[in-house]
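Please look through the sequence and the 3D structure shown here before reading on. The report after them deals with charged side chains and with a bound ligand.

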Amino acid sequence: MKNKIFHPYTTFTAIEKGFPNMVRGEGIYLFDDQGNRYVDIVSSWWACALGHGHPKVVKAIREQAEILQHSITGSLTHPKVLELAERLADLMPTPDRHSVFASDGCSAVEAALKIAIQYWYNTGRPEKCWIIGMDQGYHGDSLGALGAGFVDHFHKPFERAVTHHAKLPFPVPTADDPDGFPPSKAVIEQHADRLAAVIVEPLCLGSAGMKIYSAGYLKKLADCCAENNVLLIVDEVAMGFGRTGKRFAFNHADIDPDMVTVGKALTAGYMPLSACIVKDGIYDTFSDAPEDHTFYHGNTFAGHPIGCAAALAALEIYEAEDTVARAAGMAEKMKQWMQPLAELDCVKELRFLGMIGVVELKDSAQAQVAAIKQALFEQGYLLRPLGTVFYLMPPLVISDDELKAAVCALQQTIEDVCC
Ligand code: PLP
């Protein structure tokens with residue numbers, strides 16, 4: 001019988017082989033219906049920063065579910081969404097912010113793109129309607145988000161269907177500029193009159209293979225956008241809430257983006273909720289007087305009460321348990337423990353950013369990737385390599401012993417399969 005689920009990012013070959021049926025989560029572990037235990041070493045698509053089953057988030061969800069399950073935010077409001085919007089504003093460099101809520105990262109990105117375009121329309125510059133992102137950037141799988149990003153390997157079939165304006169090249173450091181910014185500057189200056197916004201994944205292109213660039217580049221990008229009257233959208237969906245060793249990746253560059261998108265770890269991955277956090281100066285142009293500039297955009301589950309309750313609990317835990325500082329400390333240890341991998345013949349490069357540890361294998365090891373993944377799976381590690389790139393992106397609450405064991409398993413397995 002054919003599979004009834006149209007699985008995301010899953011080959012038919014994988015479906016035929018079959019995969020675990022997960023029934024329970026606890027800490028960094030997932031358990032299948034056969035009683036097998038797996039380490040969720042990529043935090044369930046980078047979302048479960050607090051691991052699974054954190055009692056305080058579970059309690060918040062349960063309590064909210066007993067009071068109010070859903071009530072829309074179109075012309076209505078409710079206490080949890082009000083509180084969350086305040087909290088998110090307070091987390092920004094300046095608190096003059098307004099959140100558009102949605103249910104997944106991609107929808108928050110779509111809101112950001114449309115707000116940028118309508119902002120210029122509202123202010124009498126409708127020709128400024130282009131959005132550009134970085135080459136091989138990823139902002140979700142809706143058609144709008146695909147146009148801003150575009151990962152060749154995933155998105156080829158849609159190439160003709162999405163709007164491709166210019167792209168910022170991935171920064172390559174040079175002797176003249178260690179941040180590799182000049183080629184991006186040239187693109188922005190060339191198209192400034194048409195550009196509504198630039199959107200970037202801050203410091204790390206996740207889906208493109210955890211490609212890391214400098215905070216200096218991000219700072220120069222923010223300055224260049226401001227100088228050229230172009231909005232800057234920083235997409236923190238994957239990096240936000242401590243992953244990089246600071247609360248937001250853009251904090252490394254000490255910038256104040258026009259819009260910030262968040263999702264995934266916003267609720268510690270426990271409920272589908274995302275937000276696009278917008279500066280006051282942009283928000284104010286959406287007034288309906290004298291002309292109607294209302295933002296006619298929304299999602300049914302925008303500001304879902306149970307999602308908001310989960311997010312408020314997660315944000316409280318990040319503060320109370322000092323998750324960000326802890327992650328920064330663990331990141332140093334992970335880097336140290338992973339260093340020996342650099343000595344392996346088949347390894348091209350190691351890369352690190354906070355609690356992201358990356359091992360890129362040489363192209364010649366491409367044929368071994370599936371075997372490494374399978375061998376790690378048999379040891380109970382759920383990795384999702386991107387091409388020849390293996391990465392550890394564990395829950396931020398992972399213990400020293402658990403992380404060390406994962407690094408050892410990765411090293412030993414790569415050695416066994418490749419050497
Ligand atoms: N933006 C970034 C940077 C992401 O990494 C992702 C997903 O991985 C998204 C947006 C899309 O988020 P979602 O899968 O929740 O739609």
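The sections below take up the salt bridges and then the surroundings of the ligand.

## The model and its salt bridges

The structure is a predicted model, and a search through the whole of it finds 16 salt bridges. Among them is the pair formed by D179 and K220, whose side chains meet with a distance of 2.9 Å from N to O. D179 lies in the loop between α7 (152–155) and α8 (182–191), while K220 belongs to helix α9 (residues 215–227), so this salt bridge ties together parts that are 41 residues apart in sequence.

The two partners differ in how they are covered: D179 has a relative accessible area of 14% and is buried, because buried means under 20% relative accessible area. K220, with a relative accessible area of 30%, is partly exposed.

## R351 and its two partners

R351 forms a salt bridge with E349, in which the closest N and O atoms are 2.5 Å apart. R351 also forms a salt bridge with E360, and here the closest N and O atoms are 2.6 Å apart.

Are these three residues buried or partly exposed? R351 is buried, with a relative accessible area of 11%, and E360 likewise counts as buried, at 13% relative accessibility. E349, by contrast, counts as partly exposed at 37% relative accessibility.

## A network of charged residues

Salt bridges can also be followed from residue to residue, as in the network that links D96, R97, D256 and K279.

## Around the ligand

Which residues are found around the ligand? They are W46, D104, G105, C106, Y138, H139, G140, E201, D235, V237, A238 and K264. Sorted by class, this shell has five nonpolar, three polar and four charged residues.

Some of these residues can be described through their polar atoms. A polar backbone atom of G105 is 2.8 Å from an oxygen atom of the ligand, and a polar backbone atom of C106 is likewise 2.8 Å from an oxygen atom of the ligand. With D235 the side chain is involved, since an N or O atom there is 2.6 Å from a nitrogen atom of the ligand. The ligand taken alone exposes 390 Å², and the protein buries 84% of that area.

Definitions and conventions: Residues numbered from 1 in each chain as written. Predicted model: local features only at pLDDT ≥ 70, side-chain atom pairs only at ≥ 80, totals over all residues. Heavy atoms only, no water. Salt bridge = Lys/Arg side-chain N within 4 Å of Asp/Glu carboxyl O. Helix = DSSP H or I, 4+ residues; strand = E, 2+ residues; numbered from the N terminus. Buried < 20%, exposed > 50% of the residue type's maximum accessible area, 1.4 Å probe, protein only. Near = heavy atom within 4 Å. Polar contact = N/O pair within 3.5 Å; in protein donor to acceptor, adjacent residues only side chain to side chain. Areas by Shrake-Rupley, 256 points an atom, 1.4 Å probe, with all protein chains shown as cover. Nonpolar A, V, L, I, M, F, W, Y, C, P; charged D, E, K, R; others polar.
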